[in-house]
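Grab a coffee and open the viewer. Here are some short exercises, each with a solution worked out step by step.

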Amino acid sequence: MKTLLWIQGLTCNGNTHSLLNAENPSFYDIFSKIKLLFHPAISSDEDLIKIIKDITQNKISLTFLVVEGSITKNKSFCRVGDFSIAEIIDQLKDKAEFIIAVGNCASFGNIPALYKENTNVVGLQYIFTEKKGLLPPNFKTKSGYPVINISGCPIHPAWFMQTILALYYEKPLILDAFNRPKEIYMYLPHDGCIRNEYFEWKEESEEFGHKEGCLFYNLGCKGPLTHAPCNKILWNRTSSKTRAGMPCLGCTEFNFPLRENYFETKKNIGIPEEVPLGVSKRAYITISGVAKSLRNERVKKKLEETD
Amino acid sequence: MKVSKISKEQKKEEIVKTACKLFAKNGYYNTTIPDIAEALGMSVGNLYNYFKSKEELAKYIMQYSSKLLGEEIRNINEMDLPTKEKIFLLVKRFIEIAEENPELIDYFLRVFLSNREVFSKGCEGFLCVQEVVTEIMLFLEEGVKKGDLRNQDLFTAFVTIMGPLGGLVFLKGENILMDNPLKYSEELAENIWRALKA
Ligand code: SF4
Ligand code: SF4
C-alpha cells in the first residue's frame, strides 16, 4: 500500500483545514487507498519520531512526503521532538517517492519568510522566486520529480487531491516554471470570472461585494496575473473571491506576501503598473482606450436594471 | 499585385495631403469631393475608389496623422535615455514634424477640433488618435515609474505636454511667432519638464 506522511513547519494549519474539506475523493476515500502514516492534527496514538526512524531504516516505505509550512533550521521557532523541521526533512528527503509542498509557505517561504527575528526561513526548494530553498536547486526525489509545489494560501483541497490521484495512478505530471502542476496552475482566476464582461469594457467596481464591475483597476484584483483555477474549481463548490466581489490577492504566486497594498492597484499616472499576463503595456493601453471610447451601455447599469 | 498596392497607399497619401490642405484652408463644409478631385487632377469617380465619403476621408486623415506622430513618439519611448532628455527630444521632434507637415497640424486645429460632429461616430474620444495617446501615456507612465515625473492624474499630465505643443504651432500658423518655431523648442521643453518632474 502506498503511504503518506504529513509534516508541518511554520504554518497556520490552513492547508490542513482544506484537506479536511476535500470531496471527490474525500479525506476518508483517499486514506482508504493510501495509508496515512501520520498527520499532526489527526494522529493521536502514532509516534512520529518512531515512524521517521522506521522510514530511515527502510522498515516503512514512504510514497508521499507532504510538507505544510515554511522551513527553518532554528529549533526555537519550530521543532519536532529534538529535531528542527529542516533536520526531519533532511532525514526523509531521499526516502520519499514524492515530496509535495502544500501551500505557499512550504512552496516559497511565504509570510513566515518575512520574519525579521528569524532570517533563516525558506520554502522546500524555493525562497520566493529564487531556487534557494532548503533543498538544492537540482534536487529530485526517487521518482525523478523535484519538490512538487501546490501553492496557495491556503490550497484548494481539489488541487491536492488531483495531484495525489494523478501520482497514485502513475500519470505523468507536467510542472510549470515554479514546479506547480500545469493542469491546475495553467488557469488564471481571470478565466471564468463572471466579471469578465466588465473587464473587457473597463467598467470598474468602486466597492467590495457589488455584483457589478471588475475589481482590477481600483481594487487591486490580481486575477489576470495569478496562476490558479479559482473560477474553474470553485471554493466549496459554490463561489470564488472575485465572484463574491473580493479581489484576488494572488495567493498562489511566489511573491504573494511581498505586495504592499492588496486592495489597491499600483498606478502611475492612472495606468496600472502591472498589466494582465500575455499582453504588453502598449497593447493594454490601446485596447483599454478603445474599449472605453466605445461605451457599452449595459455594463453601466445595475444588473437588475439591464434588459 | 504588390506594386499596385504600394502605389495605392502612395495615392492615398497624396489625397490625404491635398484634402488636408483644402479642409484646413476653406473649412470642412466648404470643401467638396469634386474640389479635392480637381486639386489632385483626378476624376471624382476615381477619388471615390479610395474613399467612400468625405467623412471617411476626414477620419482617415486623423488616423494617418496619429500613426505618423505615434511612430515618432514610439521611437523616442524606446530609447534608453533619462526622462528629461526624452522630453527635449519629444518637443523637438513634434515641432519638426509640424514644420514638415504643416497641413496635418492645421487640419488638427482647424478641422478636427472645430468640427467635432464629423468625428462623433467611429472617431469619438481617442479612437482616431489612439497611437499618439498610447505613446504619450506610456511615456508618462515610464517617467513616473522611474521616479522622474510626479504621479498625478493622466489628463492633467497629458495636457501639460500636448497643450503647449499645440499652442506653439497654433501661434506659428497665425504668423505671430518672431522666430522659427524650433528656436523655442528648448525653452518649451524646459517648461514642460519643470511642470511634470517629481
Ligand atoms: S474581477 Fe479580477 S478576475 Fe474578475 S474579471 Fe476583473 S480582473 Fe479578472
Ligand atoms: S482567487 Fe486569488 S487569492 Fe483567492 S484563492 Fe484564488 S488565487 Fe488565491
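In what sense do β3(A) and strand β7 of chain A pair, and over how many bridges?

**Solution 1.** Keep in mind throughout that this is a predicted model.
- Step 1: find the two strands. In chain A, β3 covers residues 62-68, and β7 covers residues 96-102.
- Step 2: read the pairing. The two strands pair in the parallel sense, with 6 bridges between them.
- Step 3: pick one bridge to look at. A:F64 has A:F98 in β7(A) as its bridge partner.

**Exercise 2. Work outward from that pair and trace the other pairings of β3(A) and β7(A).**

**Solution 2.**
- Step 1: start with β3(A). Strand β1 (residues 3-8) of chain A is joined to β3(A) by 5 bridges, and the two run parallel.
- Step 2: check a contact there. A:L5 has A:L65 as its bridge partner in β3(A).
- Step 3: move on to β7(A). This strand is linked to β9(A) by 3 bridges, and that pairing is parallel too.
- Step 4: check a contact again. For A:A101, the bridge partner in β9(A) is A:N149.
- Step 5: put the pairings in a row. β1 of chain A pairs with β3(A), β3(A) pairs with β7(A), and β7(A) pairs with β9(A).

**Exercise 3. Decide how well covered β3(A) and β7(A) are.**

**Solution 3.**
- Step 1: set the cut-off. A residue counts as buried when its relative accessible area is under 20%.
- Step 2: apply it to β3(A). Here 7 of the 7 residues are buried, which makes the strand mostly covered.
- Step 3: do likewise for β7(A). In this strand 6 of the 7 residues are buried, and it is mostly covered as well.
- Step 4: recall a general point about side chains. In a regular strand they alternate between the two faces of the sheet.

**Exercise 4. Find the largest cavity and say what takes up its space.**

**Solution 4.**
- Step 1: count the candidates. There are 4 cavities of 30 Å³ or more in the structure.
- Step 2: size up the largest. It holds about 130 Å³ of space.
- Step 3: look at its lining. Of 15 lining residues, A:P189, A:C230, A:K241, A:C248 and A:C251 are the closest to the centre.
- Step 4: sort the lining by class. It comes out as 8 nonpolar, 6 polar and 1 charged residues.
- Step 5: find the occupant. The space of the largest cavity is the space taken by ligand 2.
- Step 6: list the neighbours. Around ligand 2 you'll find A:T226, A:A228, A:C230, A:W235, A:K241, A:C248, A:L249, A:G250 and A:C251. By class, this shell has 6 nonpolar, 2 polar and 1 charged residues.

**Exercise 5. Now do the second largest cavity.**

**Solution 5.**
- Step 1: get the volume. This cavity has about 90 Å³ of space.
- Step 2: find the occupant. Ligand 1 sits there.
- Step 3: check the lining. Among the lining residues are A:P189, A:H190, A:C193, A:C214 and A:C221. The lining as a whole has 7 nonpolar, 4 polar and 1 charged residues.
- Step 4: check the shell of ligand 1. The surrounding residues include A:H190, A:C193, A:C214, A:F216 and A:C221. The shell divides into 7 nonpolar, 4 polar and 1 charged.

**Exercise 6. Hunt through the loops for cis peptide bonds and positive phi angles.**

**Solution 6.**
- Step 1: look at two prolines. The bond from A:N24 to A:P25 is cis, with omega near 0°, and A:P25 is in the loop between α1 (14-20) and α2 (27-33) of chain A.
- Step 2: go to A:P154. The peptide bond from A:C153 to A:P154 is cis, and A:P154 lies in the loop between β9 (148-150) and α6 (157-168) of chain A.
- Step 3: check phi at A:N236. This residue is not a glycine, yet its phi is positive, about 50°.
- Step 4: check phi at A:R237. The value is near 60°, also positive in a residue other than glycine.
- Step 5: place A:N236 and A:R237. A:N236 is in the loop between α8 (196-201) and α9 (241-244) of chain A, and A:R237 is in the loop between α8 and α9.
- Step 6: judge exposure. A:N236 has a relative accessible area of 59%, so it is exposed. A:R237 is at 65%, so it counts as exposed.

Technical notes: Residues numbered from 1 in each chain as written. Chains lettered and ligands numbered in written order. Predicted model: local features only at pLDDT ≥ 70, side-chain atom pairs only at ≥ 80, totals over all residues. Heavy atoms only, no water. Near = heavy atom within 4 Å. 1 Å grid on protein atoms, 1.4 Å probe; cavity = no way out; pocket = protein on both sides within 12 Å on 5 of 7 lines; lining within 4 Å. Sits in = over half its atoms within 2 Å of the grid points. Nonpolar A, V, L, I, M, F, W, Y, C, P; charged D, E, K, R; others polar. Points joined across faces, edges and corners; volume = space filled by probe spheres on them. Buried < 20%, exposed > 50% of the residue type's maximum accessible area, 1.4 Å probe, protein only. Helix = DSSP H or I, 4+ residues; strand = E, 2+ residues; numbered from the N terminus. Pairing = 2+ DSSP bridges.
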